[in-house]
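Me: I am new to this structure and would like to go through it by question and answer. Please show it before we start.

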Amino acid sequence: QRHLLGIEQLAPDEITTLLDLSQHYAELNRGPDKHGDALAGMTQVNMFFENSTRTLASFEIAGLRLGADVMNMPMQASSIKKGETLIDTALTLNAMHPDLLVVRHPHSGAVNLLAEKVNCAVLNAGDGRHEHPTQGLLDALTIRRKKGRLHRLTVAICGDIAHSRVARSNIWLLGKMESRLRLVGPPTLIPSGAADWGVEVYHDMAEGLRGADVVMMLRLQKERMDGGFIPSEREYYHRYGLDAEKLSHAAPDAIVMHPGPMNRGVEIDGTIADDINRSVIQEQVEMGVAVRMAAMDLLAQNLRAARAA
Ligand code: CP
């Protein structure tokens, strides 16, 4: 692949290759020398048109650890504010010969459009409610490390599915790897066509979590609710917030995941999020660096091969 735009385009063997290399980098990152040279001589530009803590920091660390020259484009201070379009901005940066462009954008499909206009490899760091492929990969790596496999696991993805790019990338990825998927949430936050995605749909947490191996909680993404129905946080927590009682319906060794940013007391109880026997939230963050190192390493190899041909 030339770009990493979504999980939808990846075959199961490509996902396994990415996860295997990510596992290598996860081990490297826990050692005394974290540096490699897979991106030596390359320029990585991070363009984030939406806020980020985890994704931006981990892409920057990943690039630096692999020897790239890394620039975080300050989009709030860019000429986008003077009316320049996304495409003109991308073409302007493209003229400076970057090798890797990491892009987050509030509009679904914007990163795919941009990838058609530039010569370098483009990595989607989250576009609207469409995809967040490196999040899907880091979630899969975390599950594989904890459970030893991805197939024949029951994974409950809970909460605001309708506005979640994380949910979509996970549904694509875990479905391709033969996990059993359940979506759990209020009818207003689960797309009406979800039953066609090869998943089971539940509106009750006790039923949806019954026997689940993995419980993945999602934030209410109010920034994408476009003036539509926004549930009261108190009512939402009562019915869908993960607490000890609701978690008791999952398998006794179920792991709890959350992509972050997390709203404690809304979609998850703080004591569950901090319970190191159940929560793998910090390991998800850790795996984010490893996955982004692997993704950029593989795209850089493809780029070098294409340039040499
Ligand atoms: N999970 C995730 O994308 O977090 P950030 O928005 O902080 O990057």
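Me: Leaving aside its neighbours within four places in sequence, which residues is Leu173 in contact with?

Reply: The model is a predicted one. Leu173 is among the residues with the most contacts inside the largest nonpolar core, which has 61 residues. Neighbours within four places in sequence left aside, the contacts of Leu173 are Ile7, Ile15, Gly136, Leu137, Ala140 and Leu150.

Me: Which helix gives the largest share of this core?

Reply: The core of 61 residues includes Leu123 and Ile157. Its largest share is twelve residues, and they come from helix H11.

Me: Is Asp99, which meets Arg307 in a salt bridge, buried or exposed?

Reply: The N to O distance between the side chains of Asp99 and Arg307 is 2.8 Å. Asp99 lies in the loop between helix H3 and strand E3 and Arg307 in helix H11, so the pair ties together parts that are 208 residues apart in sequence. The cut-off for buried is under 20% relative accessible area. Asp99 has 7% relative accessibility, so Asp99 counts as buried.

Me: Which residues are joined with Glu50 into one network by salt bridges that share partners?

Reply: Glu50 and Arg224 meet in a salt bridge through their side chains, at 3.4 Å from N to O. Salt bridges that share partners join Glu50 into one network with Arg165 and Arg224.

Me: What volume does the largest pocket have?

Reply: The lining of this pocket has 21 residues, and among the closest to its centre are Arg104, Arg165 and Arg219. The lining divides into four nonpolar, ten polar and seven charged residues. The volume of the largest pocket is about 370 Å³.

Notes. Residues are numbered from 1 along each chain as its sequence is written. This is a predicted model: local features need pLDDT of at least 70, side-chain atom pairs count only at pLDDT 80 or more; totals for chains, interfaces and linings use all residues. Side-chain values use heavy atoms; hydrogens and water are left out. On a 1 Å grid over the protein atoms alone, a cavity is a set of points where a 1.4 Å probe fits but cannot get out, and a pocket is an open set with protein on both sides within 12 Å along at least five of seven lines; lining residues have an atom within 4 Å of a point. Grid points are joined across faces, edges and corners, and a volume is the space filled by probe spheres set on the points. Ala, Val, Leu, Ile, Met, Phe, Trp, Tyr, Cys and Pro count as nonpolar, Asp, Glu, Lys and Arg as charged, and the others, Gly among them, as polar. A nonpolar core is a set of buried Ala, Val, Leu, Ile, Met, Phe, Trp, Tyr and Cys residues joined through side-chain atoms within 4.5 Å. Buried means under 20% relative accessible area, exposed over 50%, partly exposed in between (1.4 Å probe, protein chains only). Helices (H or I, at least four residues) and strands (E, at least two) are DSSP runs, numbered from the N terminus. Contact means heavy atoms within 4.5 Å. A salt bridge is a side-chain nitrogen of Lys or Arg within 4 Å of a carboxyl oxygen of Asp or Glu.
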